[in-house]
Amino acid sequence: MKLRIAFIIIAFIFSLGLPGPVFAEKQVFQPYAEQGELEFENTGVYDIDPHKNKNAVQEYKYAIGYGVNSFWHTELEIEAEALPTDDAITPVKATHMEWENIFQLAPKGEYWLDPGVYLAYEAPLINKQVGQFEGKILLEKSIGKITNILNISFNQEVGEGADRHTDAGVSWSSRYRLSRYFEPGVEYWNDFSAITHQLDYNQQSHQVGPAFYGRLTRHINYDIGYLFGISDASPRGELKWVIEYEF
Amino acid sequence: MIVRLIVYLVLGFCVWLPVLSLAQTQPANPAQASNIIVIKGHQFIPPQLTIPAGQKIQITVDNQDPTAEEFESFDLDREQVVEGNKKITVFIGPLKPGTYKYWADFHQDSKGVIVAQ
C-alpha cells in the first residue's frame, strides 16, 4: 500500500514539471540529516518578467534522497532547464545530473547556532555545458517560534570552457512556526556573481518575498514562495517550490 | 530605493533577532542536567518529564525496543531517529515554563510531555 502511494506521489511530482520548465535551485537548506529517511523531491522555479528573454525561464529538479546516518544526507538529482537566448527561451531539457550532500556538524540545539555543510557536484548531460562544484555553509538558529536559516554559497564551474571565477551568494529564510501544517515566512536571495568582479548592486541578483512551509500530510512537505526582483539583474517575479514525499 | 531600504531593514532585523533573543533568554552560564526517557513496548517511560525552565537540557532517549523510533515534537522543534536498542541525546531549551508535547512518529499513539517549570 505504502509503495502504491509512493508511486502516485512520484507521478504527481513529476507531472508538475511536464508543462514546460531559473537559474538556480531556490531552496534554503537546513543543516540537518535524518537517519534512514528516504525522500522523493521536486524543486522548481518559474520566472515572470516583461522582457522576453527573461520571462518563463524555468528550472526543475527531480531528486531521490536518503539519510545515510545521523549526520549525512545524500541526494541524486536530475536537473531540467528552459534557458534564455537573445530573444527567447529554449524548450525544457534535462541538462545536469547532480550529487548533493548535506553534513550535519552538530546535534540540533547543542550550540548557539546549528551548523552544517552542503557539498554538491553537477555533471553536464549536454555537450558544451560545463560541470560545477557547489559548497554552502548552512546555519540555523531558532528563537522561540521563529526559525532563521542562513546559507552562504560558493560555486565553481569546471571542465572545458568553464568560467574560472568563483561565484558566491547568500540566501536567508525566517519562518514563524505557527503549526506543523503552515509556517509563514520570508526569504531573501542574493547572487553576487563572481566574487572578484565586485559588481554593482543592480548587476547582482537580489530577490525577496513571502514563503510558506509545512506538511500537507504526515509524509508530504511543501515549501512554496514568490520572490520579487529588487535589482535590475533579477527577474521581476519568481515562483519557487519544493515538494517532497518522505518515508 | 524604498524597496531597497525595506530589504535592508528586514535583513538587519533578522540578523539582530538572535542577539536580542540570546540576551533575553539565555543565562550567562547555563547549567546542564541529564534526563532519560525510555522507549519500551513503543511507549515513553515516564510519559511526563519535568525539567527546570530557562536552562539548556540534555535528554537521553533510550530505545529498548528492537525497532527504530523517531522522537518528534513540534513544540520543541525536534525530530530525531533513534535506532533499535540504541540511545540518542536530544538538546532542548532554554524553555519558558509550560508543557511541551512530543510523540513517536513511527507509532503515533505513543505520546509524552515535557513540563518546564
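**Strand 9 of chain B and the cores**

Reader: What makes one face of strand 9 of chain B buried?

Author: In this predicted model, the side chains along residues 111–116 alternate. B:Gly112, B:Ile114 and B:Ala116 point to one face and are buried, while B:Lys111, B:Val113 and B:Val115 point to the other and are not. Buried means 20 or more other C-beta atoms within 10 Å, so B:Gly112, B:Ile114 and B:Ala116 meet that count and B:Lys111, B:Val113 and B:Val115 don't.

Reader: How do you know that strand 3 and strand 9 of chain B pair?

Author: Pairing takes at least two bridges. Strand 3 (residues 48–51) and strand 9 of chain B have 4 bridges, in the parallel sense, so they count as a pair. B:Gln48, for one, stands opposite B:Val113.

Reader: And what joins strand 8 of chain B to strand 9 of chain B?

Author: There are 6 bridges between strand 8 (residues 98–104) and strand 9 of chain B, so the pair passes the cut-off of two. These strands run antiparallel and form a hairpin with 6 residues between them. Here B:Trp103 stands opposite B:Lys111.

Reader: Which residues touch the most other members of the largest nonpolar core?

Author: Of its 18 residues, those are B:Ile59, B:Val61, B:Phe71, B:Val90, B:Ile92, B:Tyr100 and B:Tyr102. Among the elements giving two or more residues to this core are strands 8 and 9 of chain B.

Reader: Why is B:Phe71 said to touch B:Val61?

Author: Contact means C-beta atoms within 7 Å, and B:Phe71 is listed among the contacts of B:Val61, so their C-beta atoms lie within that distance.

Note on methods. Residues are numbered from 1 along each chain as its sequence is written. Chains are lettered from A and ligands numbered from 1 in the order in which they are written. This is a predicted model: local features need pLDDT of at least 70, side-chain atom pairs count only at pLDDT 80 or more; totals for chains, interfaces and linings use all residues. A residue is buried if 20 or more other C-beta atoms lie within 10 Å of its own, exposed if 12 or fewer, and partly exposed in between; C-beta atoms are placed from the backbone. A nonpolar core is a set of buried Ala, Val, Leu, Ile, Met, Phe, Trp, Tyr and Cys residues joined through C-beta atoms within 7 Å. Two residues are in contact if their C-beta atoms, placed from the backbone, lie within 7 Å. Lists of a residue's contacts leave out its neighbours within four places in sequence.
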